[in-house]
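Dear colleague,

I am handing over the structure below for your work. Please look through it first; a summary of what was found follows.

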Amino acid sequence: MKILKFGGTSIASAENIFRVIDILKANHDKQQIAVVFSAINKTTDALILMASKAKNQDDTYTEDFNTLESDHFNIVRKLIPISSQGSVLSGVKKIFNELENILEGVSLLQELSNKTNDTIVSYGEFLSTFIITKALQCQELDAVYKNTGELIVTNSNYGNATPILDVTDNNIKKYFVGNLHAIIVLPGFIACNEVGEKTTLGRGGSDYTAAILAAALEVDQLEIWTDVSGMYTANPKIVKQAKPIQKLSYSEAMELSHFGASVLYPPTVQPVMRKNIPLYIKNTFRPDDFGSFINNENTKGDGVVKGISHIDNIALATVEGNGLIGIPGVSKRLFSALSEKDVNVILITQASSEHSICIAINQSDVEKAEFAIQDEFAYELSLGKIDPLHTKTNMAIVAIVGEEMKSHQGISGRMFSALGKDNVNIHAIAQGASERNISTVIDSKNVVKALNSLHEEFFEDHITKLNLFVVGVGNVGGKLLEQIKKQKDYLLEKSQLSIEVVGMANSKKMIFDAEGIDLNADWKQHLVKNGEELNLDLFLEHVKEMNLINSIFVDNTANATIAGLYADYLKESIGVVTCNKIAASSEYSIYAELKKLSQEYNAPYLFETNVGAGLPIINTLNNLVQSGDQILKIQAVASGSLNFIFNSFVGDANFAVIVNQAGALGYTEPDPRIDLSGVDVARKILILARESGAKMNLEDIENKSFLPSASLEADSIEDFKKTLISEEAHFNAIRDNAAANNTQLKYVAEYVNGKANVSLQEVDATHPFYNLQGSDNIVLFFTERYPEFPLIIKGAGAGADVTASGIFADIIRIGKG
């Protein structure tokens, strides 16, 4: 014989009940089965709400009542053949009439005791089992109904009654010994006390009902059928990569269920563990899935950590004071006082100094806990020996569970390191002597991040997920998104990097999707049609609220306001990748602060594309410095736009036309004065000097401008471009002089002996800069290791594609750690 139990979602509709009947048909041919059912999905919640409304004389409870009655009638009409519907509908109506009378009484008396509430909520299971029994009989199955209230006897703790097992076991054995029906249908959750009054076994108690029956009858196995394929490594609604755990020990299952794995009601395991009865958790909607198998066998080799679980709505309460030190019986008094007020203590931790005791309780119990402690320790509080109870609300417990954790070193280190990496602050830690559970108390806002971070650490074959928030999706940003789309599958397969764009913004709109914005679809149209108005502060708040692991803010703009927000992102342990030079070339104090925040909050701040677009210039410089080399001199042609302009400015070429052409190709900034004035190059050599260790500001860079005074004094972009035409003779003279000297014009940046300058120079054929073509950049690093023949980095230094590839490389660098 075996016991099967089906939850509310498994019987939420007539279609679902037909699935259940098919499962029962497949099982009952082989052996007798007893089947326990919960109430139809959401019925218990509806009954609780109706009872509360009736007590408060809120007449809308009658509307809820009519809706619930109609829902059950509709299921009957779809489930039961027309020829048999009349009697079944009549039976359902009779049950609802009884319920209606009780609710009317509650409304009239404005009183709802726990006892009456138990009676009301029990009707959910009575209804579901009545309907399903009739459906089975209509299909000519040998099914019979039995009220579990006549079998399971409990104490009178209404709402969460405790079974009196010797009496209960005797009742169950006595009923089943002479029962030869193939299928016995029983309502879960409900029982009776010793005088026959209805009680319930607590929310989720239908699982417990099935376990009690299984233990009493010592059946071959117990099957819990639900809407998922077993217990998962984490909540699959929060962690998309979570997977079913195929085998667990009883202890592991109890730990996971106690700490929030809702697929199994915590007390369920104890009865079957005591009788060594195998427990299966199966999926009603995918019955061929293996599910989870729970028994007493050692699951060694199936993974050290079996699962991650959590409990929400937790408060952390701390009792502390000098009066606790070395005083026997304080803990006993504390827990006795809490017990008397029905405050359940979920987690306990105490410092070795004995100065404080920290407990985790349900947030709803905070007020009761405060009163209990004030009453019990009134004398000590009055003398100041104990401080008033200190509570923190909006907390959660996150636990990792595994039978083999006790025999493996470093598990707790990996857990705390993973949480710390994502800036998840731990308020309390507890580990039992069994060492199969490590529990932490964290802020509720960090639960999603914590679960995903821990799952990535322990279960995901070292796959690292990066969540990108991209601002600026035009020229460079658009190319970046194209590259991510193209390389996404490759990076997942070859580098174990999973990259998702979860937020994006252009100059007008912003949009977010924690599951990832589909880059294969028309994301531009999606942003325009469905995005909300851009607000940079609100963008930051959205990023913080989403609180995703490995979040990276990607700035593809040249916007000073956005650059001013980098510190706010870094303080939230959100990495920053940017091609925007403003932050790294602003006041040295800002540059240094961003570097400091990056280290303090373990949040990468990468700006490789600030110099040389996609060329690995800054990264190479960092490697030289970090390996102990000393930078002696840097020479660079670091402006792809200016190199393009002066490489094109030969023969009879017109300077103004070439500048406009460079702008059209995306080589210059939207304001070409930034490039032609030398400010952009000055910023780049400043960044390289700072990365070399110099403490410099932009005004320390000597800028020898080649522009005439009329161009330098222009008030607008339009006026500036006009001067490029009116001052044609000035520019032609520069060109012609270089041609006469058989030299090339290059805009050169130099840093040497703590000083830096930028200027337009003529270079002859012997110089490495002479043959630099198109928009290419070149950087020469003269160091103690490369004193005479410099380390040279050369290549394309401008353009949306190469800049995007440099940003992409920084993102990948973060993912690879």
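**Salt bridges and a kinked helix**

Arg286 is exposed, its relative accessible area being 52%. Please bear in mind that the model is a predicted one. The partner of Arg286 is Asp289: their side chains form a salt bridge, with 3.2 Å from N to O. Asp289 has a relative accessibility of 21% and therefore counts as partly exposed, since buried requires a value under 20%.

This pair belongs to a longer list, as a search of the whole structure returns 28 salt bridges. Two others are described here.

In the salt bridge between Lys146 and Glu150, the closest N and O atoms lie 2.5 Å apart. Lys146 is buried, at 15% relative accessibility, whereas Glu150 is partly exposed, with a relative accessible area of 49%.

The other bridge joins the side chains of Glu380 and Arg333, at 2.7 Å from N to O. It connects distant parts of the chain, the two residues being 47 residues apart: Glu380 belongs to helix H13 (residues 378-383) and Arg333 to helix H11 (residues 330-340). Glu380 counts as buried, with 15% relative accessibility, while Arg333, at 27%, counts as partly exposed. Arg333 and Glu380 are also part of a network with Glu376, held together by salt bridges that share partners.

The remaining findings concern helix H16.

Helix H16 spans residues 475-495 and has a kink of about 50°, centred on Gln487. Which residues of H16 are buried? They are Val476, Gly477, Gly478, Leu480, Leu481, Gln483, Ile484 and Leu491. As a reminder for reading that list, an α-helix has 3.6 residues a turn, so residues three or four places apart point the same way.

What covers the buried residues of H16? The cover includes three strands and two helices, listed here with their residue ranges:

- strand E18 (464-471)
- strand E19 (497-505)
- helix H17 (523-530)
- strand E22 (551-555)
- helix H30 (800-815)

After H16 comes Gln496, which has a positive phi, near 55°.

In short, the points to inspect in the model are the bridge of Arg286 with Asp289, the bridge of Lys146 with Glu150, the network of Arg333, Glu376 and Glu380, and the kink centred on Gln487 in H16.

With kind regards

Technical notes. Residues numbered from 1 in each chain as written. Predicted model: local features only at pLDDT ≥ 70, side-chain atom pairs only at ≥ 80, totals over all residues. Heavy atoms only, no water. Salt bridge = Lys/Arg side-chain N within 4 Å of Asp/Glu carboxyl O. Buried < 20%, exposed > 50% of the residue type's maximum accessible area, 1.4 Å probe, protein only. Helix = DSSP H or I, 4+ residues; strand = E, 2+ residues; numbered from the N terminus. Bend = angle between axes of the 7 residues up to and from the residue. Contact = heavy atoms within 4.5 Å.
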